[in-house]
Amino acid sequence: MDRLPLALVGCGPMGRRHLRGLGALHRAGLDVIDLVAVCDLDPRHAERAADEAAALTGRRPRVVPSMDDLLVDDAVRAIDIATDPAVHHRIAVPALGAGRHVLCEKPLSVTIRGCRAILDAHAAAPAGTVLATEEHFRRGPANRVAKAVVASGMLGAIHLIRTTWAGGDDRILLTPWRHLREKGPIALDNGVHMADVQQYLAGVRWDSAWGRGFIAEPVRRKGPVDFSADMYAEAMAAAPDEVVATGEDSIVALFRMEDGASAFLSWIPSGPGHLYLERSIHGRDGSIVLPPDRSGGDLLVRLAGRTLGIADLLRELPAGTIDEPTERIFGDPVHPDRPFAEIDAAHLAVTLHDFARAVLDGRPPEVDGAEGMDAVAAILAAFVSEPLGRAVTREEILTGTVSDGLADVDRALGLA
Ligand SMILES: NC(=O)c1ccc[n+]([C@@H]2O[C@H](COP(=O)([O-])OP(=O)(O)OC[C@H]3O[C@@H](n4cnc5c(N)ncnc54)[C@H](O)[C@@H]3O)[C@@H](O)[C@H]2O)c1
């Protein structure tokens with residue numbers, strides 16, 4: 001097998017962005033995936049995705065009405081899940097049970113039990129079955145180079161990794177479900193990206209979490225979408241005028257990492273005025289200011305007496321800091337003038353390429369199921385630390401010694 005026969009399940013905005021990722025792979029001459037089928041509960045979404053795939057990759061996949069049809073089709077070797085997160089386990093568990101490789105959008109699930117169900121299904125699947133979590137923020141050149149700088153020791157011992165997002169308004173964030181507790185609220189939905197990138201940059205996992213999740217905007221209102229607008233305008237048009245939020249839209253958290261460093265994370269999409277999108281890493285011998293994820297911006301590394309950007313760093317760091325497929329997909333590692341859709345598609349192309357190569361080469365994917373669960377656990381641990389009045393360890397939340405507080409959601413999702 002030189003190309004992975006894959007079916008996309010979930011052809012909403014994110015599924016369509018995956019198709020753009022396949023388009024970017026095709027343009028880079030890295031056709032490692034054969035999209036053989038698309039599937040969505042809404043046949044209009046599936047038909048449109050098939051048309052878009054044809055335009056982007058030159059081949060129209062079959063439209064398959066249900067998952068059951070996919071799983072009896074031996075031509076489909078892998079499933080790419082891009083449905084809303086509350087149903088990820090309902091697709092991933094039978095897919096793994098039928099011996100299919102799975103790439104699942106983040107958050108892997110909306111509860112620890114949901115994640116565990118997927119990991120258990122993977123453990124029971126035939127040896128060599130790949131389970132990957134779709135985490136693409138880390139895969140851009142700036143994060144690749146920043147990680148290599150930290151790993152090289154150039155910054156000395158790391159004191160703090162900092163990610164701040166603060167500022168916004170009371171508009172619905174992309175879709176109504178992102179404000180509902182049982183569906184995967186936006187502080188979890190977006191927080192997992194930030195937790196994943198922090199662990200990736202640190203090179204170690206989080207060890208304990210202290211923080212709080214909260215609802216900054218109790219009522220979210222319909223309004224213009226300013227992110228990937230072409231993809232989300234339709235969902236917004238179908239949204240009610242108001243959504244009463246039942247799930248956290250905000251999080252502030254401080255993590256202790258396994259090596260003793262601290263990682264601070266805030267995501268508060270509320271409050272007019274300046275939008276703070278800041279990332280930095282501080283070590284004993286230097287610091288990095290990172291551009292916002294998927295912005296294509298440059299890094300600024302400050303050492304005693306020296307200031308370095310990505311181009312300088314690539315001359316000093318080992319060859320392969322940006323791997324060959326990533327180089328082919330992105331081209332110039334600094335590209336702030338490119339449209340977001342193009343930068344996003346490039347990040348997704350790297351994820352899809354890694355997943356396909358993991359299957360074809362019989363190796364683990366870069367972000368496996370356990371790492372996907374780790375990011376979910378990081379956010380849920382921060383949420384439950386406030387009512388407990390103390391930090392929560394990774395071990396406690398993953399083993400269930402400390403509950404994620406979502407037993408009712410588990411029951412509603414058939415996980416209890
Ligand atoms: N990595 C990122 O940057 C990023 C960005 C946005 C969304 N996401 C993730 O992508 C996923 C999808 O997000 P979205 O905004 O496209 O959601 P969405 O709700 O707008 O779209 C989901 C699609 O899945 C379909 N669907 C739902 N259940 C299904 C089932 N059982 N079988 C087949 N189809 C089904 C729906 O009909 C819909 O077309 C979520 O997990 C979200 O967190 C990731």
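The expected span of a helix is 1.5 Å times one less than its number of residues. In this predicted model, helix H12 (residues 369-388) has 20 residues and should therefore span 28 Å, and its end C-alpha atoms are indeed 28 Å apart. The expected and computed values agree for H12. Of the 20 residues of H12, 15 are buried, so this helix is largely enclosed by the rest of the structure. Just after H12 comes glycine 389, with a positive phi of about 75°.

The axis of H12 comes within 8 Å of the axis of H7, and the two cross at roughly 115°. Because angles of 65 to 115 degrees count as roughly perpendicular, H7 and H12 are roughly perpendicular to each other. The crossing in which H7 passes H12 is right-handed.

A second helix pair is formed by H1 (residues 13-27) and H2 (residues 43-57). Their axes come within 9 Å and cross at roughly 15°. That angle makes H1 roughly parallel to H2, since angles under 35 degrees fall in this class. H1 passes H2 in a right-handed crossing.

H1 also takes part in the surroundings of the ligand. The largest share of the shell around the ligand comes from H1, which supplies three residues. There are 28 residues around the ligand, and those that come nearest are Gly10, Gly12, Met14, Thr83 and Glu105. By residue class, the shell holds 14 nonpolar, seven polar and seven charged residues.

The length of helix H6 (residues 141-152) was examined in the manner used for H12. With twelve residues at 1.5 Å a residue, H6 should span 16 Å, which agrees with the 16 Å between its end C-alpha atoms. Buried residues in H6 are Pro141, Ala142, Asn143, Arg144, Val145, Ala146, Val149 and Val150. H6 is followed by glycine 153, which has a positive phi, near 85°.

Several loop residues were considered for their backbone geometry. Most residues other than glycine have a negative phi, and most peptide bonds are trans. Leucine 174 is not a glycine, yet its phi is positive, at about 70°. This leucine 174 lies in the loop between strand E7 (158-166) and helix H7 (186-202). Leucine 174 counts as buried because it has 21 C-beta neighbours inside 10 Å, where the cut-off for a buried residue is 20 or more.

Arginine 294, also not a glycine, has a positive phi of about 60°. Its position is in the loop between strand E14 (286-290) and strand E15 (300-303). With 18 other C-beta atoms within 10 Å, arginine 294 is partly exposed.

A cis peptide bond joins lysine 106 to proline 107, with omega near -20°. Proline 107 is found in the loop between strand E5 (101-105) and helix H5 (112-124).

Isoleucine 215 belongs to the loop between strand E8 (206-214) and strand E9 (219-221). It has 19 C-beta neighbours inside 10 Å and therefore counts as partly exposed. Isoleucine 215 and isoleucine 268 are 53 residues apart in sequence, while their C-alpha atoms are 9.1 Å apart in space.

Methods
Residues numbered from 1 in each chain as written. Predicted model: local features only at pLDDT ≥ 70, side-chain atom pairs only at ≥ 80, totals over all residues. Near = placed C-beta within 6 Å. Helix = DSSP H or I, 4+ residues; strand = E, 2+ residues; numbered from the N terminus. Nonpolar A, V, L, I, M, F, W, Y, C, P; charged D, E, K, R; others polar. Buried ≥ 20, exposed ≤ 12 C-beta atoms within 10 Å, placed from the backbone. Axes fitted to C-alpha atoms, helices over the stretch in contact; angles between N-to-C directions. Parallel < 35°, antiparallel > 145°, perpendicular 65-115°, else oblique. Left-handed = near helix turned anticlockwise from the far one by under 90°.
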